[in-house]
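Okay, thanks for coming, everyone. I'll put the structure up and then walk through a domain, a pocket and one residue.

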Amino acid sequence: MGRVRRSRTHHAQRDVHRASRTRARTKDLDQIQLIDLDPKNRVALEAQPIDLEKPGLGQHYCVECAKYFETDTALQSHWRGKVHKRRCKILKEPAYTIEEAERAAGLGREGKRTPISTHAMPIDT
């Protein structure tokens, strides 16, 4: 007997499930810009105490990418890489404010019209 169902019946659900995983989630860009790149917080993140649970005992941390590395040479090569440089370029742009996000969603005052009174409009006769 032949196959009853054709293969590939998952309709690309695998990619959707992969994208929604939260185990590999890093910090958002606005969190890094507003909190981590602050000079006093940056110093504290770069000089963390030894933690046995983190990769490289928590000693090799990239603040811009919010990643831990096993060795210092791995961190150095990460700094020279394309992923880190692209992330730094994105972080140079200012973070969106709440007002900008609301305007982009159509909730701001910019799109609303003020009511026009009928008395102020000229009438063509």
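Quick bit of vocabulary before the percentages: when I say helix or strand, I mean DSSP runs, with at least four residues for a helix and at least two for a strand, numbered from the N terminus. And keep in mind that this is a predicted model.

So, the domain. UniProt, in an unreviewed entry, puts a "domain: C2H2-type" feature at residues 60–84. In the model, that stretch comes out as 48% helix and 16% strand. Its end C-alpha atoms sit 14 Å apart.

Staying in there for a moment, let's look at Thr73, which is part of helix H4, residues 72–80. Is Thr73 buried or exposed? Exposed, because its relative accessibility is 60%, and the cut-off for that label is over 50%. Its side chain has a polar contact with the side chain of Thr71, at 3.1 Å. Going back along the chain, His60 is 13 residues away from Thr73, and the two C-alpha atoms are 9.4 Å apart.

Now the pocket, for the docking people. The largest one has a volume of about 170 Å³. Which residues line the largest pocket? You've got Leu29, Asp30 and Gln33, and then Ile90, Glu93, Pro94, Ala95 and Tyr96. Helix H2, residues 29–36, supplies the largest share of that lining, with 3 residues. By chemistry, the lining splits into 5 nonpolar, 1 polar and 2 charged residues.

That's my tour, happy to take questions.

Key
Residues numbered from 1 in each chain as written. Predicted model: local features only at pLDDT ≥ 70, side-chain atom pairs only at ≥ 80, totals over all residues. Heavy atoms only, no water. UniProt positions renumbered as here; feature names shortened; annotations may be inferred. 1 Å grid on protein atoms, 1.4 Å probe; cavity = no way out; pocket = protein on both sides within 12 Å on 5 of 7 lines; lining within 4 Å. Points joined across faces, edges and corners; volume = space filled by probe spheres on them. Nonpolar A, V, L, I, M, F, W, Y, C, P; charged D, E, K, R; others polar. Buried < 20%, exposed > 50% of the residue type's maximum accessible area, 1.4 Å probe, protein only. Polar contact = N/O pair within 3.5 Å; in protein donor to acceptor, adjacent residues only side chain to side chain.
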